[in-house]
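Q: Please take a close look at one part of this structure, the place where charged side chains pair with one another, and then lead me outward from there. I am new to it, so please explain each term as it comes up.

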Amino acid sequence: MDSTPPVPIEDGGEPCLRCGACCFSTLPTYVPVTGADHARLGDHADTLVTFDGVRAYLRIEDGHCAALRVEVDREGPRFVCSVYDVRPATCRELLRGSPACEGELATKGARPREAAARLVSLRMNRKDASV
């Protein structure tokens, strides 16, 4: 394992953009949204937040946070948070390379690659259909 100390994701995050494991879950209550988070999300809250009683969470769709955009470029998949600047505290507190980060990667490391492969397949099918 790398002995580099945990680095806040705000340092540019390129390795995070190529990983994305922490954004994946099948649990509808995966990312809690506090009142402060909801206020910070502003207009995004209307489309991204779901409620379970009085508790709020970021919506999960297709096995990942609804705020996540999966993009594919020549270097491979990129996992981009569409609300990065206003993301919830849970996301802000995760440090790249921390034990929590390593746990996410160990538990869910294949999910981002699978999502990217589905995206590429969908694009190829659309391209074939339009020909």
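A: Asp-73 counts as partly exposed, at 32% relative accessibility, where buried means under 20% relative accessible area, exposed over 50%, and partly exposed in between, using a 1.4 Å probe and protein chains only. This is a predicted model, in which local features need pLDDT of at least 70 and side-chain atom pairs count only at pLDDT 80 or more, while totals for chains, interfaces and linings use all residues. Residues are numbered from 1 along each chain as its sequence is written, and side-chain values use heavy atoms, with hydrogens and water left out.

The side chain of Asp-73 meets that of Arg-18 in a salt bridge, at 3.1 Å from N to O; the term stands for a side-chain nitrogen of Lys or Arg within 4 Å of a carboxyl oxygen of Asp or Glu. This pair links distant parts of the chain, with Asp-73 in strand β7 and Arg-18 in helix α1 (residues 14-19), 55 residues apart. Helices (H or I, at least four residues) and strands (E, at least two) are DSSP runs, numbered from the N terminus. Arg-18, at 24% relative accessibility, is likewise counted as partly exposed.

Glu-71 and Arg-69 also meet through their side chains in a salt bridge, at 3.2 Å from N to O. Glu-71 is partly exposed at 28% relative accessibility, and Arg-69 is partly exposed with a relative accessible area of 40%. Salt bridges with shared partners also join Arg-18, Asp-73 and Glu-75 into one network.

Strand β7 (residues 68-73) pairs with strand β8 (residues 76-81) in the antiparallel sense over six bridges, two strands being paired if DSSP finds at least two bridges between them. A hairpin of two residues joins β7 to β8, and the bridge partner of Val-70 in β8 is Phe-79.

Six salt bridges are found in a search of the whole structure. One of the pairs is formed by Arg-40 and Asp-37, whose closest N and O atoms are 2.5 Å apart. Because they are three residues apart in helix α2 (residues 35-41), Arg-40 and Asp-37 are separated by about one helical turn. Arg-40 is partly exposed, with a relative accessible area of 30%, whereas Asp-37 is buried, with 2%.

Lys-108, which lies in helix α5 (residues 99-108), is another charged residue to look at, and it counts as buried at 7% relative accessibility. Its side chain makes a polar contact of 2.8 Å with the side chain of Tyr-30; such a contact is a pair of N or O atoms within 3.5 Å, and within protein one must be able to donate a hydrogen and the other to accept it, with residues adjacent in sequence counting only if both atoms are side-chain atoms.

Confidence should be kept in view as well: the chain averages a pLDDT of 85, and 84% of the residues score at least 70, pLDDT being the predictor's confidence in each residue, from 0 to 100. Over residues 1-11 the pLDDT is below 50, although this stretch has 17 contacts in the model beyond near neighbours in sequence, contact meaning heavy atoms within 4.5 Å. Where pLDDT is low, the predicted coordinates should not be read in detail.
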